[in-house]
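Subject: Structure for you to look through

Hello,

Here is the structure I said I would pass on. Please open it first, then read the notes below alongside it.

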Amino acid sequence: MVENIVCFDIGGTFIKFGLINRDGHLVYKDKVPTPKSNIQKLLPELLAEKIKKLQNDFLIAGIGISSCGLVNHETGEILFSNNIPDYSGMKLGEILFNLFKLPVSVENDVKSACIGEMWKGAIQGKKDVVFLTLGTGIGSTIIIDGKIVSGSRYLAGELGHTVIINNGRSCGCGRRGCFERYASTSALVSDFIDEKNKNSEVIKKISGEEILALVEEGDSIATAVYKNFINYISIGLSNIVHLLNPEAIIIGGGIAEQGDRFIQDINSEIKKETMPIYHQETLVFPSILGNDAGLYGACYLTLKKLNYLHV
């Protein structure tokens, strides 16, 4: 009977879960809403229920968790979560190990997604990689020599809070001019709505994907805002290139899945912002695994814990 890893990707709205076998094939997936209250009790119960149900039909060798928030991957503890009330401090790895006596890996969702892309996605075979997800903010992680850079207190890799504009827009982190205040999808949306309002066109809600569609249609305001957006992204990424000299930068999030133009424009612009010696044919790639990347990363880390992988 083939051994499988049951994997969870825990977010503020949904918990995606699936079963991935030792060969890296996703054989089952589903999702459920994240509990809105009493998380310390209801979340472990929910995960345990799904694991037990899968154990009825599959051989489970381990449990992989990709989670929002700051994570101590060595202890499996959620250090801090802004998205799920009362989630901070949960010793999730310990709880699941005590229930099932199976190896458990717990890692931050963006770090897991990056590992997933390195294993089965856009950047297979690469060892020095930076991964960013563009959404409400910018999630990011750094991989050097195939290993996640965690820092002394598991806080490394917050590239969204590096400053690209001195004394710029205020950020929720308490600083001003942060990368994510200019280069996240929410920043693109905010800038577009502001420009439309200046032209007496009242727009209350629009998505980044819809703005990119307007760019393709030749909308002048969308095009101008988009051009600035690409420039902001490239300024931030050029700092990363000069600091880390990665083999690849991968960008995830819904906006990166809207066709080739977005990634091509970043690759073109970033060459204007970096020294010529750093140029390479293609540096920035879109995510391939999309919403499944975190599940694959959780599986990979659990397989490593089981010594089933030696890379």
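**What was found**

Just after helix H2, Lys101 has a positive phi of about 55 degrees. Keep in mind that this is a predicted model.

H2 itself covers residues 92–100. Its buried residues are Leu92, Gly93, Leu96 and Phe100. Seen down the axis of H2, these fall within an arc of 95 degrees, so they line one face of the helix. A general point helps here: an α-helix has 3.6 residues a turn, so residues three or four places apart point the same way. The cover over the buried residues of H2 includes E1, H1, E4 and E7.

Next, the sheet. It is open, with 5 strands in the order E3-E2-E1-E4-E7, and its pairing is mixed. Strand E3 (26–33) and strand E7 (104–108) are at the edges; each has a single partner strand, so one side of each is left without a neighbour in the sheet. From one strand to the next, the twist averages 20 degrees.

Strand E1 (residues 3–10) pairs with strand E4 (residues 59–67) in the parallel sense, over 8 bridges. Within this pair, Val6 stands opposite Ile63 in E4.

Which helices lie on the sheet? Helix H3 (residues 109–120) lies across E1, E4 and E7, and runs at about 105 degrees to E7. Helix H9 (residues 293–305) also packs on the sheet, where it touches E1, strand E2 (14–21), E3, E4 and E7. The direction of H9 makes about 130 degrees with that of E1.

Helix H1 (residues 39–55) has 17 residues. From its first C-alpha to its last it reaches 24 Å, close to the 24 Å expected at 1.5 Å a residue. Its buried residues are Ile39, Leu43, Pro44, Leu46, Leu47, Ala48, Lys50, Ile51 and Leu54. Among the elements that cover them are E1, E2, E3, E4 and helix H2.

One residue to look at closely is Ser66, which lies in strand E4. Is Ser66 buried or exposed? Its relative accessible area is 0%, and buried means under 20%, so Ser66 is buried. Its side chain makes a polar contact of 3.2 Å with the side chain of Asp9. Leaving aside neighbours within four places in sequence, the residues in contact with Ser66 include Phe8, Ile10, Glu107, Asn108, Ser112, Gly294 and Ala298.

Regards

Terms used: Residues are numbered from 1 along each chain as its sequence is written. This is a predicted model: local features need pLDDT of at least 70, side-chain atom pairs count only at pLDDT 80 or more; totals for chains, interfaces and linings use all residues. Side-chain values use heavy atoms; hydrogens and water are left out. Two strands pair if DSSP finds at least two bridges between them. Helices (H or I, at least four residues) and strands (E, at least two) are DSSP runs, numbered from the N terminus. Axes are lines fitted to C-alpha atoms, for helices over the stretch in contact, and angles run from 0 to 180 degrees between N-to-C directions. Contact means heavy atoms within 4.5 Å. The expected span of a helix is 1.5 Å times one less than its number of residues. Buried means under 20% relative accessible area, exposed over 50%, partly exposed in between (1.4 Å probe, protein chains only). A polar contact is a pair of N or O atoms within 3.5 Å; within protein, one must be able to donate a hydrogen and the other to accept it, and residues adjacent in sequence count only if both atoms are side-chain atoms. The arc is that of the directions from the helix axis to the C-beta atoms.
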